[in-house]
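Here are my notes on the model you sent over. I've put them as numbered points so you can follow along with the structure open.

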Amino acid sequence: MKILAIDTALPAVSVCVLEDGAAAPEATETVAMERGHAEALLPMIDRVMARVEGGFPALDRVAVTVGPGSFTGLRVGIAAGRAIGIACGIPTVGVSTLAALAAPLILDEKPGLVGVAIDARHGNVYFAAFEADGRTYQPPHLTSVREAIRSLGAGPIRLAGSGAPMLAIEAWSIGISAEVAGATIAPDITYVARLGLLADPALAPARPLYLKPPDAKPQQAGRIPLETP
């Protein structure tokens, strides 16, 4: 099975094509960026697919990160992934950004919990935790840095994600052994692909995982009420 993986959830745009069982992607590209995901993604997909034997018809599946992450970034990646899936007649699956960040730490097979946190601002993080064997210890949720650390026990804890440094400082302040051991900007796209290969399309839909409402809200001032007949 050959999979196209797409990640636009965080400050990077990443694309790769991976054959099931292969040690490395057939083609891959990643560019770190805070903005411009919509403009960068489709040309990047074209460049990656130009290096894939057989092109788009050779694909069996598409995987895309579904969050948590940037509202705009998620919509860009999911829309592209779904469109390619429909055009190619293949399933598109969603992959949790937090699970993709945790995957390389879980594969290290070291003792202790793996905590993954994405900075949600104002002292909060999008957070999930996993056992050393990969089982979910805490599902993705929005919480404070303080509560995230205190929910993990005495350690040791290995951390990844943009919120990992904040969690490590909080852990050290109360004497818990913690280490920032994984990526802190965006997941390795290869792990998005590997998780996508394992996913069941019926249980992993490509739709956004929103853990809080958007910051931008419709303006209420100056609204003209609708006339009632």
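1. Let's start with where α3 touches α6. On the α3 side, the residues in contact are A99, A100, A103, P104 and L107, and they meet Y191, V192 and L195 of α6. Sorted by class, this contact has eight nonpolar residues, with no polar and no charged ones. Bear in mind throughout that this is a predicted model.

2. Now the geometry of that pair. Two packed helices are described by the angle between their axes and the distance between the axes. Here the axes of α3 (residues 97–107) and α6 (residues 189–198) come within 9 Å, and they cross at roughly 90°. An angle from 65 to 115 degrees counts as roughly perpendicular, and α3 and α6 are therefore roughly perpendicular to each other.

3. On to the sheets. One open sheet has five strands, which follow the order β3-β2-β1-β4-β5 with mixed pairing. Which strands stand at its edges? They are β3 (27–32) and β5 (92–96); each has a single partner strand, so one side of each is left without a neighbour in the sheet. On average, neighbouring strands here are turned by 20° against each other, ignoring direction.

4. Look at the β4/β5 end of that sheet. Strand β4 (residues 61–67) runs parallel to β5, and five bridges join the two. If you want one pair to click on, G67 has S96 in β5 as its bridge partner. Helix α3 turns up again at this end: α3 lies across β4 and β5, and runs at about 65° to β5.

5. There is another open sheet, again built from five strands, in the order β8-β7-β6-β9-β10 and with mixed pairing. At its edges you'll find β8 (136–144) and β10 (178–180), each pairing on one side only. Neighbouring strands of this sheet are turned by 20° against each other on average, direction ignored.

6. Within that sheet, β6 (residues 113–121) and β7 (residues 124–130) pair in the antiparallel sense, over seven bridges. One pair to look up is R121, whose bridge partner in β7 is N124. Which strands of the sheet does α3 touch? It packs on the sheet against β6, β7, β8 and β9 (157–160), and its direction makes about 145° with that of β6. Helix α5 (residues 164–173) packs on the sheet as well, touching β6, β7, β9 and β10, with its direction at about 160° to that of β10.

7. Next, the pocket by β5. The second largest pocket has a volume of about 250 Å³. Its lining has 13 residues, and those nearest the centre are V66, G94, V95, S96 and A204. Two elements, β5 and α6, give two or more residues to this lining; the largest share, three residues, comes from β5. By class, the lining of this pocket has 10 nonpolar, two polar and one charged residues. S96 is worth a second glance: it is among the residues nearest the pocket centre, and it is the bridge partner of G67.

8. How many cavities of 30 Å³ or more does the structure hold? There is one. The largest cavity has a volume of about 50 Å³, and its lining is made by P68, G69, F71, L74, Y126, L209, Y210, L211 and K212. These lining residues divide into seven nonpolar, one polar and one charged.

9. Finally, two backbone spots to check by eye. Most residues other than glycine have a negative phi, and most peptide bonds are trans. The bond joining G67 and P68 is cis, with omega at about 5°. P68 lies in the loop between β4 and α2 (71–88), and P68 is also one of the residues lining the largest cavity. The other spot is E109, a residue other than glycine with a positive phi, near 55°. You'll find E109 in the loop between α3 and β6.

Conventions: Residues numbered from 1 in each chain as written. Predicted model: local features only at pLDDT ≥ 70, side-chain atom pairs only at ≥ 80, totals over all residues. Heavy atoms only, no water. Axes fitted to C-alpha atoms, helices over the stretch in contact; angles between N-to-C directions. Helix = DSSP H or I, 4+ residues; strand = E, 2+ residues; numbered from the N terminus. Parallel < 35°, antiparallel > 145°, perpendicular 65-115°, else oblique. Contact = heavy atoms within 4.5 Å. Nonpolar A, V, L, I, M, F, W, Y, C, P; charged D, E, K, R; others polar. Pairing = 2+ DSSP bridges. 1 Å grid on protein atoms, 1.4 Å probe; cavity = no way out; pocket = protein on both sides within 12 Å on 5 of 7 lines; lining within 4 Å. Points joined across faces, edges and corners; volume = space filled by probe spheres on them.
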